[in-house]
Structure formats: C-alpha cells, structure tokens
Amino acid sequence: MDFYTKLNYSIGNEDWRVEAQALRVKKESRVICVTASGDRPLHLLMTDCAEIISIDMNRTQNYLLELKIAAIAKLDYEKYLAFLGCTPCSTRLVIFRELKSALSKDAADFWEAHQKLLERGIIYQGRTERLTQLGAKAFRLVRNQKIKKLFAFDDLNEQRQFIKAEWDTRALRKTFEMLINPKLSQFFFKDPGLNSFVDFANKPGTYIYERMIVCLNTHLAKKSPLIQLLFTGKLMPEGYFPYLTYEGYTAIRRHMNRINIITGNIIDFMEHATNANQIDAFSMSDIASYMPQAIFEKLLRSIQNAATPDARFCLREFISNRKIPADLQATYKRDMDLEKKLEKEESNFVYRFMVGEIQK
Ligand SMILES: C[S@@+](CC[C@H](N)C(=O)[O-])C[C@H]1O[C@@H](n2cnc3c(N)ncnc32)[C@H](O)[C@@H]1O
C-alpha cells in the first residue's frame, strides 16, 4: 500500500501542551514516539529528557524529520521558517545545499529527487496538507467573508455568538458529512485512519463536525492550527506549533544529539526482548486508528513489554473506538479525569485520549 511510502503528513495536528501533560517527561526519561510529521519528536526535543526514539513504518516521514532537524541545526531562525515554507522564500533550493551535509545519505538522495516539494516549502507538501489546502480554496469560494470574520476574533464570547448565528449551518454540516465519509474519501485520499478502521461507521463526518463546533466554542479559531489549515490552508503565527517558535527552535538546538530515528513497525521494536523494561513514556499519536482491534491489543502488549514500571502512555484516537481488553486493564491504569481534561484542551479537535500509567 503506497500510503507507507508517500509523504502523508508535513505538519502535525496534535497539541504539544496537551501531550506534555499526559507524558510528564522527566530529565532521565527515555521516550518512544511515532514520527509522522516529525512534530512530536521535535516537541520532545524541547524537553530535557535523556533520549527520544522516533519510529515510523514510512521512511519518507523519517526523511522529513531529518530535514526539519537539519534546518534547525544549520539555519538561523528566520531562514529556518522561510526554508520550511512558513514565510515567503525564493531560495529554498540554495538553502537546501547548505543543510544537505547534515542529512543521512538516503534522506539527502530522497530530497535531491524531490526538489519540487522543497521549492514550494515542505511544511505544506504532505498529502494531508495539500488536500486541506484544496478544501480551504473551495471553502473560501463559498464562505470567504465568514472565514475572514472567524479568524479576526480575539474574544471567545463574540466568536461563540458568531458560530451560533452565522457559522454553524446545515450546508456546512452536510459538506463535512459528505467529505468525511469513507465511501467517498477512499477515492480521493487513501488514509487508513480516515477510511479503513472507522468505528463511527454511521456518520464520521457528523462526529468530526460536531467536535469542530465544540472546539470553536472553547478555543479561538486563530489559536487552532487544524481549523486554520481546514479553512485557510495555512498556519497563522498565532497558531504556530512550539517547534516553529523562536523559544522552541532554541530549546531543540540544545538537545539535537538525543534523538534516534528508526524506520520500522513500532510494535516489532517494542516487542523485542532487548527493548524490555526500557521506556518511561510512550507518545503513540493516533496509530490506534491505523489498525484493527487485534493489532491494537498487540500494540498494548508490546508497550507493556518495553515499559518501565509506572511508565506514562498517551494514545490518541481519531474516528476509531479501540478497547483495552479485560486482561490488560490492570496494566493500563487510565486517568479518566485527565483524559477528559485533555480532550477539552486539545486545540485540534479530532482526538479522544487514553492516558495513564503502566502498572508492572
Ligand atoms: C498516526 S498518523 C500521525 C499523524 C498525526 N496526526 C501527526 O500529527 O503527525 C500516522 C503515522 O503513523 C505511522 N504508523 C502507523 N502505524 C505504525 C506502526 N505500526 N509502526 C510505525 N509507524 C506507524 C504512519 O506511517 C504515519 O506516519
């Protein structure tokens, strides 16, 4: 399936402030995470944890992580944002020459062969981001004034009144129900999380739409990266993820040598005897939504194997509904209050959480 060879994600859509509360990373912690857009491991590099193991089955996602790390290591802050595509730049290929030596041979060869993506600004070149840009163009055709109004609010109460009076319409709801329907989405975007392991079989679009409306009543749109991507196709500086801020960039530069990037199945890695009792925190993104229940249970057992006692776990779910099997419930000590709190605070409204400690 070419999903695991293509560049699917170039910007994350998970709120680090929320992830940090779940993981409670300490100075000596060894953390394992899924690479995807690279945002997760970069945010972990802002902490002073001892080691980050970043794994993805898709080597292209790991090449992107290498590229983002090389840009932070080799470029000053303004040039880093310009190279990634956050700000305009006409010399990205020249800049690429400056940082190519910091890449592995495979990553350098890959980006050498995909210069068009670099030229356009890599941060918007993932298939997910290109699709949302297309969607944003279509939304602007039909509700441009409303979109401008939505991102102008600095007061949440005023935004709430606008959502109720003008934004939340039957037409917009129907659009979400139509687009986020596996029967249709499988033809324009083959993403297992979107169309293979969907448990809200009846109406995933309704589920996502209602979560968006809840989010727009609890978060300013200009502070929600996912809402910005959906309706403008771009990130606004107010919505920059921490690794795109000057503070984040500076913190990451201090911890560059603490990351280990691996291509492979994270379950195989965590099942391996040599990795038993090694890991203090698990940042699993929403891979639970990329597998059936049986493989999810295999994932849980592999985390159990790799975990140190009291290790922290953060599992997200998109439109799937995984269950922790009875024989593992004593091992996975979930913090339901924290899960509810994180679900409310997450500015990218599509996730539910399983967080807590591994009892061993
Ligand atoms: C979970 S999404 C991540 C998107 C996410 N929302 C973000 O912000 O970046 C999918 C990522 O997990 C990877 N993945 C899924 N199952 C995996 C597995 N068993 N082992 C390693 N990587 C996996 C996919 O290749 C993909 O890059």
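**Entry 1: cavity lining.** I began with the lining of the largest cavity and sorted its residues by class: two are nonpolar, three polar and five charged. I note that the model is predicted.

I then listed the lining by name. Gly12, Asn13, Glu14, Asp15, Trp16 and Glu19 belong to it, together with Asp39, Arg40, His43 and Phe241.

**Entry 2: helices at the cavity.** I asked which helices each supply at least two residues of this lining. They are α1 (16-23) and α2 (39-45). The largest share, three residues, comes from α2.

**Entry 3: cavity count and volume.** I looked up how many cavities reach 30 Å³ or more, and the count came to one. For the largest cavity I recorded a volume of about 80 Å³.

**Entry 4: ligand shell.** I turned to the ligand and found 21 residues around it. Asn13, Asp56, Ile266, Asp286 and Tyr351 come nearest. By class, I recorded nine nonpolar, eight polar and four charged residues in this shell. Asn13 also appears in the lining of the largest cavity.

**Entry 5: contacts to ligand nitrogen.** I checked polar atoms of the protein against nitrogen atoms of the ligand. For Glu14, a polar side-chain atom lies 3.0 Å from a ligand nitrogen; Glu14 is also one of the residues lining the largest cavity. For Met57, a polar backbone atom is 3.1 Å from a nitrogen atom of the ligand. For Ile266, the atom in question is a backbone N or O, 2.9 Å from a ligand nitrogen.

**Entry 6: ligand burial.** Finally, I recorded that the ligand taken alone exposes 590 Å², of which the protein buries 98%.

How values were computed:
Residues are numbered from 1 along each chain as its sequence is written. This is a predicted model: local features need pLDDT of at least 70, side-chain atom pairs count only at pLDDT 80 or more; totals for chains, interfaces and linings use all residues. Side-chain values use heavy atoms; hydrogens and water are left out. A residue is near a molecule or strand if one of its heavy atoms lies within 4 Å of it. A polar contact is a pair of N or O atoms within 3.5 Å; within protein, one must be able to donate a hydrogen and the other to accept it, and residues adjacent in sequence count only if both atoms are side-chain atoms. Accessible areas come from the Shrake-Rupley method with a 1.4 Å probe; for residues, only the protein chains shown count as cover. Ala, Val, Leu, Ile, Met, Phe, Trp, Tyr, Cys and Pro count as nonpolar, Asp, Glu, Lys and Arg as charged, and the others, Gly among them, as polar. On a 1 Å grid over the protein atoms alone, a cavity is a set of points where a 1.4 Å probe fits but cannot get out, and a pocket is an open set with protein on both sides within 12 Å along at least five of seven lines; lining residues have an atom within 4 Å of a point. Grid points are joined across faces, edges and corners, and a volume is the space filled by probe spheres set on the points. Helices (H or I, at least four residues) and strands (E, at least two) are DSSP runs, numbered from the N terminus.
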